[in-house]
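Labels for sites and residues should be earned. The turns below ask for the reasoning behind each one.

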Amino acid sequence: MSLWHTVVQPCAAMTSSKRVLIWDIPVRLLHLVLAGSISVALIIALGFGKEHPLFVYHAWFGMLAGGALGVRLVLGFAGSRYARFSAWKFSPRALIASFGAMRRGDRGVRDAGHNPSASWVMLGILVLTGAVLGTGLAGGEDIHEIAAYVLLAFIGLHLAGLVVHTIWHREVIALSMVDGKKVAPAEAALRHASPVVGVMVALLLASWGVVLVRGFDAAAGTLRLPFLAQPISLVEDDEKGGGEGKRGADHDDD
Ligand code: HEM
Ligand code: HEM
């Protein structure tokens, strides 16, 4: 018997009747773009390495993740109920209580939005993504790589948390980022999935994608953004013959 047959399938059947809307369309869309672009950036960097011709696309996908991160941060203050950072559970007491409930075997303690551990892990992912982008743009090579590995560790924690939740609460939690629904009391449900904001977020991301495509020069390894006077270098400076170690804006002094 596989894990799917013994755990996942019965859990899905048990919980499907009590699932209510928690994650609106903007949250799910941003999760898709953020997780997708970070994964591609990581796969190119770690799977192919910086000598590979595909490496120039690594930073391109990193910049796409940057757009998604920016929009997600705005929704953290102006988004729907569970998308707001004020709804995330950062109190150490709540964190200790949730582990205490697990130790007692009390499966009744559950949260509609992010639980305390998830809140900290998600905050870590957002902050670390910002740090990886900042260090990538600034040319802090070692620190960029270290920040990327710490981000990878947090993504590992995130995925491990999903597995623990799935087994402990007998709920296939991964589905919640697809259809937006989690097991929760009916009164905790969002009234709607914010389709209008979803369209606005999609248009914003698509516009950022167009800016990134139009400004991208794969041969030169640069990205020209309309609001910056100089293009951004997307590869190590010595790969382009610069060797100054500082990335960010290119200089015409060679
Ligand atoms: C590079 C990979 C990933 C990154 C960077 C990432 C990042 C995040 C972030 C930032 C959140 C918070 C969502 C928000 O409030 O906007 C989140 C939540 C979530 N993610 Fe991911 N994620 C990744 C991969 C995945 C995968 C592969 C799955 C499914 C198999 C997944 C399923 C979920 C679910 C279900 C939640 C909500 C958890 C909860 O209810 O507390 N994620 N993720
Ligand atoms: C989510 C976004 C990103 C992730 C996860 C990420 C991850 C990584 C990793 C793991 C490496 C080490 C690869 C190796 O040693 O072979 C690396 C290298 C590099 N990254 Fe990124 N990166 C991101 C975004 C960016 C951005 C936005 C830029 C530039 C605009 C950038 C520029 C570079 C460059 C030039 C290198 C090679 C030199 C170095 O180690 O610093 N990255 N990145």
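Q: What makes an atom a donor to the iron atom of ligand 2?
A: Donors are N, O and S atoms within 2.8 Å of the metal. In this predicted model, NE2 of H58 and NE2 of H144 lie 2.0 Å from the iron atom of ligand 2. That is within the 2.8 Å limit, so both count as donors.

Q: Why is the arrangement around the iron atom of ligand 2 called octahedral?
A: The iron atom has 6 donor atoms, and their angles run from 87 to 179 degrees. Six donors count as octahedral if opposite donors are over 155 degrees apart and all others lie between 65 and 115. The arrangement is therefore octahedral.

Q: Where in the chain do H58 and H144 lie?
A: H58 sits in helix α3 and H144 in helix α6, which covers residues 141-168. The two are 86 residues apart, so the pair links distant parts of the chain. Both H58 and H144 are buried.

Q: Which protein atoms are donors to the iron atom of ligand 1?
A: They are NE2 of H31 and NE2 of H158, at 2.0 to 2.1 Å. This site is octahedral too, with 6 donor atoms and angles of 88 to 179 degrees.

Q: What makes the pair H31 and H158 a tie between separate parts of the sequence?
A: H31 belongs to helix α2 and H158 to helix α6, so the pair ties together parts 127 residues apart in sequence.

Q: Is H158 buried or exposed, and how do you know?
A: Its relative accessibility is 15%. Buried means under 20%, so H158 counts as buried.

Q: Why is H31 called partly exposed?
A: H31 has a relative accessible area of 32%. Buried ends at 20% and exposed starts over 50%. The value for H31 falls in between, so H31 is partly exposed.

Q: How do you know that L54 qualifies for a nonpolar surface patch?
A: L54 is 34% accessible, which makes this residue partly exposed. A patch residue needs over 30% relative accessible area and no salt bridge. L54 joins I43, F48 and Y57 in a patch of about 350 Å². L54 itself is in the loop between α2 (25-48) and α3 (55-78).

Q: Which residues touch the most other members of the largest nonpolar core?
A: They are L30, L34, I38, L126, L151, V201 and L205, out of 24 residues. At least two core residues come from each of α2, α3, α5 (116-138), α6 and α8 (195-215). Helix α5 gives the most, with 8 residues.

Q: Why does L152 count as partly exposed?
A: L152, in helix α6, has 34% relative accessibility, which lies between the 20% and 50% limits, so L152 is partly exposed.

Notes: Residues numbered from 1 in each chain as written. Chains lettered and ligands numbered in written order. Predicted model: local features only at pLDDT ≥ 70, side-chain atom pairs only at ≥ 80, totals over all residues. Heavy atoms only, no water. Patch = residues over 30% accessible without salt bridge, like charges linked within 9 Å, V, L, I, M, F, W, Y side chains within 5 Å. Areas by Shrake-Rupley, 256 points an atom, 1.4 Å probe, with all protein chains shown as cover. Salt bridge = Lys/Arg side-chain N within 4 Å of Asp/Glu carboxyl O. Helix = DSSP H or I, 4+ residues; strand = E, 2+ residues; numbered from the N terminus. Buried < 20%, exposed > 50% of the residue type's maximum accessible area, 1.4 Å probe, protein only. Donors = N, O, S within 2.8 Å, 3.2 Å for Na, K, Ca; no water. Tetrahedral: all angles 85-135°; square planar, octahedral: opposite > 155°, others 65-115°. Core = buried A, V, L, I, M, F, W, Y, C linked by side-chain atoms within 4.5 Å.
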